[in-house]
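Here is a short report for a reader new to this structure. Look through the sequence and the model, then read on.

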Amino acid sequence: MTHTMARLVATVLLAALALPLAAAPRVELEGRLAQGSVVFGRTDPGANVYFADREVRVSPQGVFLIGFGRDAEAHEQLMVEGPDGERIERDLEIEPRDYDIQRIDGVPPETVSPPKEALQRIREEVEMVREARRRDDPRTDFLADFIWPVTGRITGVYGSQRVYNGEPRRPHYGIDIASSAGTPVRAPAGGVVTVAHEDMYFSGGTLLLDHGHGLSSAFLHLQSLAVDVGDRVEQGDTIGTVGSGGRSTGAHLDWRINWFQRRLDPRELVDAMPGGGD
Ligand SMILES: [Zn+2]
């Protein structure tokens, strides 16, 4: 072997040795691995995160978030690819939850079995909300400690199977907080208003507030709206007032949390209600 060749071989060997030195990306998760839960992650800036058939947005600081639906499977895979291509795959074991059955009588019958004339309107409203929930904004308003939009007795919880006027319907995805009509509803965290509708068929006055990275709040049955689409809202700002429009039996706020099309439990984001409302 000539001197030059030996040096070349040494260089190649060093290059090969250098590869395993590429560090696996850091992955830290905070939050409950449970149905309906939201989990905040931290990884290396520049890393790519894949979960639930999508590339999850990672902030320039390496912050990301993921969520598990009401009926999440027992296992989901999280894949993180570091800036130098090194990959980590995490098997996430999702804790199942039990959901109650809740019977609610006395709602307007046309909100349980809508007449044919209402179907087109319902479809349009559903699509409006679905479209807003596709947004993937780089804002990280979700990093705030969420506050309760109103306080009061909790009359409906996340996930329960709903039976309206004796008819089984879709599960309940929000948390219902009883409050008198006209009570101000406050933004639980900052965000941008992506839906502001005075009167949706099932939900009456309806707002959607986007907190960034696909995490959004929905507020249903509002009597009045104080904001419009495109408005920037800070935590604690009044965004509307409590009402009883749509499929409802009395004044209350139905507050929901979405991670894109997945429905999460708002209670995973807030501390116990001040004054022990529940
Ligand atoms: Zn509700």
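Into which domains is the protein divided? There is domain 1, residues 3–93, and domain 2, residues 101–268. Keep in mind that this is a predicted model.

**Where the domains meet**

The centres of the two domains, taken over C-alpha atoms, are 34 Å apart. Contact involves 12 residues of domain 1 and 16 residues of domain 2. On the domain 1 side, strand β5 (residues 63–67) gives the most, with 4 residues. That side of domain 1 has 4 nonpolar, 5 polar and 3 charged residues.

**A hairpin**

Strand β6 (residues 75–81) pairs with strand β7 (residues 87–93). The sense is antiparallel, over 7 bridges. Val-80 has Ile-88 in β7 as its bridge partner. The hairpin formed by β6 and β7 has 5 residues between the strands. In its turn, Gly-85 has a positive phi of about 95 degrees.

**Two histidines with positive phi**

Most residues other than glycine have a negative phi. His-213 has a positive phi although it is not a glycine. His-221 also has a positive value. Where do they lie, His-213 and His-221? The table gives the place and the angle.

| Residue | Phi | Place |
|---|---|---|
| His-213 | about 55 degrees | loop between β15 (204–210) and β16 (215–225) |
| His-221 | near 65 degrees | strand β16 |

Are these residues buried or exposed? His-213 has 26 other C-beta atoms within 10 Å, so it is buried. His-221 is buried too, because 25 other C-beta atoms lie within 10 Å. The cut-off for a buried residue is 20 or more.

Conventions. Residues numbered from 1 in each chain as written. Predicted model: local features only at pLDDT ≥ 70, side-chain atom pairs only at ≥ 80, totals over all residues. Domains from an automatic or database assignment. Contact = placed C-beta atoms within 7 Å. Helix = DSSP H or I, 4+ residues; strand = E, 2+ residues; numbered from the N terminus. Nonpolar A, V, L, I, M, F, W, Y, C, P; charged D, E, K, R; others polar. Pairing = 2+ DSSP bridges. Buried ≥ 20, exposed ≤ 12 C-beta atoms within 10 Å, placed from the backbone.
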